[in-house]
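Q: Please take a close look at one part of this model for me. Pick a single residue as the starting point, then work outwards from there, and keep it friendly.

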Amino acid sequence: MPSTSSRAAAALVALALAGTPAAGCAAGGNTSRGASPRPAAVPSPSGSDCWRAGTSGDDWDSWGPGMGPGMMGRGEECSWGPGMMGGHYWQRGDGTPVTTLDQARQRADAFADRLDLRVGEVMQFSKNFYAELETPGGELATEILVDPADGDTGIEYGPAMMWNTGYGMHVGGQTRTRISPDQAQDRALKWLRDRGSDLAAGEAEAFPGYYTLHTLRDGKINGMLSVNAATGAVWDHTWHGTYITTSEH
């Protein structure tokens, strides 16, 4: 059976290439990490810049149902359509469970090598492993996920896929940076407060076209948010689950 992350990635690609928004599910303003482990309802960002035409406001419908398996094709490397860095956005695992940060880094290294990038920070959550990829010069390039069930590895859904102007699905898109790191942090904090959350917003790390920052409780990592560098729109990373631990370089 295809893995959870493979199904989610396949569904997002199918929707993007078809240009047809899915029927909405729950609104994307929830800061809880206790959602369903099936990311078939990856939330859309808040703000008026979303790629889904005709939608505005601060609470957007999440990706809808009908995201079934079988859209990624077969073979070790699965393409996500033409014009996307050669189409190589996903690398299928070997079916071996990934249970440690070292194993996750190995999977991330194999994926990063294909893009001439290197692995930086690796984090373990209850639902997946997360890694930052950097350029040879040390600049943040993109974010990826490793599926703990089978080692499937690919560009993280959400901001890394839709907002990243260097490695995402809209390469060369909206590139003007209007939001500074401090403004991104302020925007993230306001977003949390508007939803009644007492979480703090950590330092904003700059990726091409957006920022990602940790949400903190009592100084400890709780989750993640991303802020669009051009518009200030906020996207909550609701797909990670509970934070466990981190490995630096």
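**Starting from one side chain**

A: Let's begin with Asp-198, which is exposed at a relative accessible area of 56%. Here, exposed means over 50% relative accessible area, buried means under 20%, and partly exposed is in between, with a 1.4 Å probe and protein chains only.

A few ground rules before we go on. This is a predicted model, where local features need pLDDT of at least 70 and side-chain atom pairs count only at pLDDT 80 or more, while totals for chains, interfaces and linings use all residues. Residues are numbered from 1 along each chain as its sequence is written, and side-chain values use heavy atoms, with hydrogens and water left out.

Now, who does Asp-198 pair up with? Its side chain meets that of Arg-217 in a salt bridge, at 2.8 Å from N to O. (A salt bridge is a side-chain nitrogen of Lys or Arg within 4 Å of a carboxyl oxygen of Asp or Glu.) This pair links distant parts of the chain: Asp-198 sits in the loop between α4 and β7, Arg-217 sits in strand β9, and 19 residues separate them. Helices (H or I, at least four residues) and strands (E, at least two) are DSSP runs, numbered from the N terminus. Arg-217 itself is partly exposed, at 38%.

Step back along the chain and you reach helix α4, residues 181-194. This helix has 14 residues and reaches 20 Å from its first C-alpha to its last, close to the 20 Å expected at 1.5 Å a residue; that expected span is 1.5 Å times one less than the number of residues. Which residues of α4 are buried? They are Ala-184, Ala-188, Trp-191 and Leu-192. Looking down the axis of α4, you'd find these buried residues within an arc of 95°, so they line one face of the helix. The arc is that of the directions from the helix axis to the C-beta atoms. Turn to the face pointing away from the buried side, and there are the exposed residues Asp-182 and Asp-186. As for what covers the buried residues of α4, the cover includes β7 (200-201), β9 (210-217), β10 (220-228) and β11 (234-236). Just after the helix, Gly-196 takes a positive phi of about 75°.

Helix α4 has a salt bridge of its own, too. The side chains of Lys-190 and Asp-194 meet at 2.8 Å, N to O. Both lie in α4, four residues apart, about one turn of the helix. Lys-190 counts as partly exposed at 46%, and Asp-194 counts as partly exposed at 45%.

By the same rule the count of salt bridges comes to three. The one we haven't met yet joins the side chains of Arg-118 and Glu-134, at 3.3 Å from N to O. Like our starting pair, this one links distant parts of the chain: Arg-118 is in strand β3 (residues 118-125), Glu-134 is in strand β4, and they are 16 residues apart. Is Glu-134 buried or exposed? Glu-134 is buried, at 6% relative accessibility, while Arg-118 counts as partly exposed at 40%. Leaving aside neighbours within four places in sequence, Glu-134 is in contact with several residues, among them Leu-117, Arg-118 and His-249. (Contact means heavy atoms within 4.5 Å.)

Next to Glu-134 in the numbering is Leu-133, which brings us to the nonpolar cores. A nonpolar core is a set of buried Ala, Val, Leu, Ile, Met, Phe, Trp, Tyr and Cys residues joined through side-chain atoms within 4.5 Å. The largest one has 36 residues, and Leu-117, Val-119, Tyr-130, Leu-133 and Ile-144 touch the most other members. This core gets at least two residues from each of α2, β3, β4, β5 (140-146) and α3 (159-162). A second, separate core has 14 residues, and Ala-188, which we met on α4, is one of them, along with Ala-201, Ala-204 and Ala-229.

Finally, how sure is the predictor? The mean pLDDT of the protein chain is 73, and 63% of its residues reach 70 or more; pLDDT is the predictor's confidence in each residue, from 0 to 100. Residues 47-87 stay under 50, and that stretch has 109 contacts beyond four places in sequence in the model.
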